[in-house]
Amino acid sequence: FRDDGLQTVVSERINKDTVAAQGIQPDPDCQQAIEEIKELQERVDAWIKEYGVRYFSELTNMACLTEEVGELARVMARTYGDQSFKAGEKANLADEMADVLWVLVCLANQTGVDLTAAVEANFAKKTSRDKERHLHNEKLLHTDTSRKQ
């Protein structure tokens, strides 16, 4: 996605070739959602090129991601935790999550990470590692009805 002439060095670039080399096959049930991730990366890139002039540096975007995660944490703490909202403060959980996703997509675009391939690889990793683990977790077998859904 990056066309500003800068080369980004990525220690392990996750792309479709990497996923194919690992023998990971896409899950057909998730294919539409995965394609939407690719579209999201393309839309963010187009927006940056049209309105954002260029991507912020990777380090700046990492700091922005940390900031956005903090804002999400504040809303979560006040909505689901013990804190209360300040006067005039509103809970906009969806907007805060979208901010986190936006900056994460920017980082993926500028570092050459294909999130579609990365998510497929992550599903395969989690399925292989955890397919039995959570079924036998005593902590998960008992439903906590005190939490908001």
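Here are some worked exercises on a predicted model of a single chain.

**Exercise 1: Get your bearings**

Task: Work out how many helices and strands the chain has, and what share of its residues is buried.

Solution:
- Start with the secondary structure: you should find 6 helices and 0 strands.
- Now walk along the sequence, and the pattern reads α-α-α-α-α-α.
- Next, look at burial. The chain has 149 residues, and buried ones make up 24% of them.
- For the surface, the chain exposes about 11000 Å², with carbon and sulfur atoms supplying 55% of that.
- Finally, check how far apart in sequence the contacts reach. Take the contacts between residues at least 6 apart: 75% of these join residues at least 24 apart.

**Exercise 2: How α2 sits against α4**

Task: Describe how helix α2 and helix α4 cross, and list the residues that make the contact.

Solution:
- Two numbers do the job here, because a pair of packed helices is described by the angle between the axes and the distance between them.
- Helix α2 covers residues 31–52 and helix α4 covers residues 93–111; their axes come within 9 Å and cross at roughly 85°.
- Angles of 65 to 115 degrees count as roughly perpendicular, so α2 is roughly perpendicular to α4.
- From α2, the contact uses Leu40, Gln41, Val44, Asp45, Trp47 and Ile48. From α4, it uses Leu101, Trp102, Val105, Cys106, Ala108 and Asn109.
- Sort those residues by class and you get 9 nonpolar, 2 polar and 1 charged.

**Exercise 3: The other partner of α2**

Task: Find the angle and axis distance for α2 and α5, then sort the contact residues by class.

Solution:
- Helix α5 runs over residues 115–130, and it packs on α2 at an angle of about 145°, with the axes 8 Å apart.
- On the α2 side, pick out Gln31, Ile34, Ile37, Lys38 and Gln41. On the α5 side, they meet Leu115, Thr116, Val119 and Glu120.
- By class, this contact divides into 4 nonpolar, 3 polar and 2 charged residues.
- Did you spot Gln41? It is listed in the contact with α4 and again in the contact with α5.

**Exercise 4: A polar pair**

Task: Decide whether Asn61 is buried or exposed, and find which side chain it makes a polar contact with.

Solution:
- Place Asn61 first: it belongs to helix α3, residues 58–79.
- Buried means under 20% relative accessible area. Asn61 has 4% relative accessibility, so it counts as buried.
- Its side chain makes a polar contact of 2.6 Å with the side chain of Gln110.
- Now move over to Gln110, which is in helix α4. Gln110 is buried too, at a relative accessible area of 1%.
- To fill in the surroundings, skip the neighbours of Asn61 within four places in sequence. Its contacts are then Phe56, Val103, Cys106, Leu107 and Gln110.

**Exercise 5: Two residues with more exposure**

Task: Classify Met76 and Val53 by accessibility, and say where each one sits.

Solution:
- Met76 lies in helix α3. At 33% relative accessibility, it counts as partly exposed.
- Beyond four places in sequence, Met76 touches Gly81 and Leu93. Ala91 is 15 residues away in sequence, and its C-alpha is 8.5 Å from that of Met76.
- Val53 is in the loop between α2 and α3. With 73% relative accessibility, Val53 counts as exposed.
- Check the backbone of Val53 as well: its phi is near 70°, a positive value in a residue other than glycine.

How values were computed: Residues are numbered from 1 along each chain as its sequence is written. This is a predicted model: local features need pLDDT of at least 70, side-chain atom pairs count only at pLDDT 80 or more; totals for chains, interfaces and linings use all residues. Side-chain values use heavy atoms; hydrogens and water are left out. Helices (H or I, at least four residues) and strands (E, at least two) are DSSP runs, numbered from the N terminus. Buried means under 20% relative accessible area, exposed over 50%, partly exposed in between (1.4 Å probe, protein chains only). A polar contact is a pair of N or O atoms within 3.5 Å; within protein, one must be able to donate a hydrogen and the other to accept it, and residues adjacent in sequence count only if both atoms are side-chain atoms. Contact means heavy atoms within 4.5 Å. Axes are lines fitted to C-alpha atoms, for helices over the stretch in contact, and angles run from 0 to 180 degrees between N-to-C directions. Angles under 35 degrees count as roughly parallel, over 145 as roughly antiparallel, 65 to 115 as roughly perpendicular and the rest as oblique. Ala, Val, Leu, Ile, Met, Phe, Trp, Tyr, Cys and Pro count as nonpolar, Asp, Glu, Lys and Arg as charged, and the others, Gly among them, as polar. Accessible areas come from the Shrake-Rupley method with a 1.4 Å probe; for residues, only the protein chains shown count as cover.
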